[in-house]
Amino acid sequence: MTGIRNIVILTGAGISAESGIDTFRSAGGLWENHRVEDVATPEAFARDPHLVQRFYDMRRAAIQEKLPNPAHFALARLDAEWKGGLLVVTQNVDDLHERAGSRRLLHMHGEHLKAWCTLCDIRHPWRGPLAGNPPCPSCGAHALRPDVVWFGEMPYRMGEIYAALREVDLFVSIGTSGAVYPAAGFVQNAVELGAQTLELNLEASQGSHMFHESRLGPASEVVTAWVEEILGA
């Protein structure tokens, strides 16, 4: 790969799987006999907020016990050493990129470790439960919800993402299914603008055919090898 200055990297569940963070759906697509859609939509929250809060409380507690893996640390190294433009866009709501040291990063689907007050519209760092309906630290209202993007809601910071894609020389997708839009369409945006594209994934995704190159294997191996390669070049 030559002539590369600006890089955009999209990461998905596959990069955190080796840290023991499961994908959003269980094998059967259920959580305590509820479809995930029934605990991850605005309608579900309006219908049974306690159920939804318990679901996210469990996931918020679980991610705090996990650690970044070599793939996270490799991207943090790239962030520190790459002299050109770089943006890591993650679909993940864990904080493993940050804990590994990545700084040029944004969460398009929100963050488990934040709570959003729907009354005063302020987001707060949050590590404990929300199921008890605690008050907002800013306004005191009992209007906190997980600061994550639910089904049917618009992902965050799309303007910044598309601005970065307009300048990209290399688009890299890591650990994604290629099935969730709008993220699954980023590779097409990059190709249309003449960028090189690379997929790093455990197995072929639904969007593999759109990439110039796919490298398959565990994220801890293929991401680390690619970072070594591009920094060496």
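How many aromatic pairs does a search of the whole structure find? Five. I'll come back to those pairs shortly.

First, the ground rules. This is a predicted model, where local features need pLDDT of at least 70, side-chain atom pairs count only at pLDDT 80 or more, and totals for chains, interfaces and linings use all residues. Residues are numbered from 1 along each chain as its sequence is written, and side-chain values use heavy atoms, with hydrogens and water left out.

Now the aromatic pairs. In general, such a pair is described by the distance of the ring centres and the angle of the planes. Here, rings of Phe, Tyr and Trp (its six-membered ring) pair if their centres lie within 6.5 Å; planes under 30 degrees apart are stacked, over 60 edge-to-face, and the rest tilted.

Take F45 and W150. Their ring centres are 5.3 Å apart and their planes sit at 50°, so this pair is tilted. The pair links distant parts of the chain, 105 residues apart. F45 is in helix α2 (residues 42–47), and W150 is in the loop between β8 (144–148) and α6. A word on those labels: helices (H or I, at least four residues) and strands (E, at least two) are DSSP runs, numbered from the N terminus.

W150 is buried, at a relative accessible area of 3%. Buried means under 20% relative accessible area, exposed means over 50%, and partly exposed is in between, using a 1.4 Å probe and protein chains only.

Next, F55 and Y56. Their ring centres are 4.9 Å apart with planes at 90°, so this pair is edge-to-face. F55 is buried at 2% relative accessibility. Y56 is buried at 2% as well. Put F45, F55, Y56 and W150 together and you have one aromatic cluster.

W150 has another partner. R145 lies over the face of its ring, 3.6 Å from the ring centre. For that label, NZ of Lys or CZ of Arg must be within 6 Å of the ring centre and within 35 degrees of the ring normal. R123 does likewise over the face of W116, at 4.6 Å from the ring centre.

On to the cores. In soluble globular proteins, nonpolar side chains tend to be buried together. A nonpolar core here is a set of buried Ala, Val, Leu, Ile, Met, Phe, Trp, Tyr and Cys residues joined through side-chain atoms within 4.5 Å. The largest one has 23 residues. I7, I9, V172, V223 and W226 have the most contacts inside it. Which elements supply at least two residues each? They are β1 (7–11), α4 (70–81), β4 (86–90), β9 (170–174), β10 (196–201) and α8 (219–232). Helix α8 gives the most, with six residues.

Look at W226. Setting aside residues up to four places away in sequence, W226 touches I9, L75, L78, L170, V172, L198, L200 and R215. Contact means heavy atoms within 4.5 Å. There is also a second, separate core of 18 residues, and V89, V168, A183 and F186 are among them.

Now helix α6, residues 158–166. Which of its residues are buried? M158, I161, A164 and L165. Seen down the helix axis, they fall within an arc of 125°, so they line one face of α6. That arc is taken from the directions from the helix axis to the C-beta atoms. On the other side, G159 and R166 are exposed. The cover over the buried residues includes β1, β4, β5 (105–107), β9 and α7 (186–192).

One residue in β1 deserves a stop: T11. T11 is buried, at 0% relative accessibility. Beyond its neighbours within four places, its contacts include L75, V88, V89, T90 and I174. The T11 and T90 side chains share a polar contact of 2.8 Å. A polar contact is a pair of N or O atoms within 3.5 Å; within protein, one must be able to donate a hydrogen and the other to accept it, and residues adjacent in sequence count only if both atoms are side-chain atoms.

Last, the backbone. The peptide bond from Y181 to P182 is cis, with omega near 10°. P182 is in the loop between β9 and α7. N133 has a positive phi, near 60°, and is not glycine. N133 sits between β7 (123–125) and β8, in a loop, and is partly exposed at 40%. R157 also has phi near 60°. R157 lies in the loop between β8 and α6 and is partly exposed at 41%.
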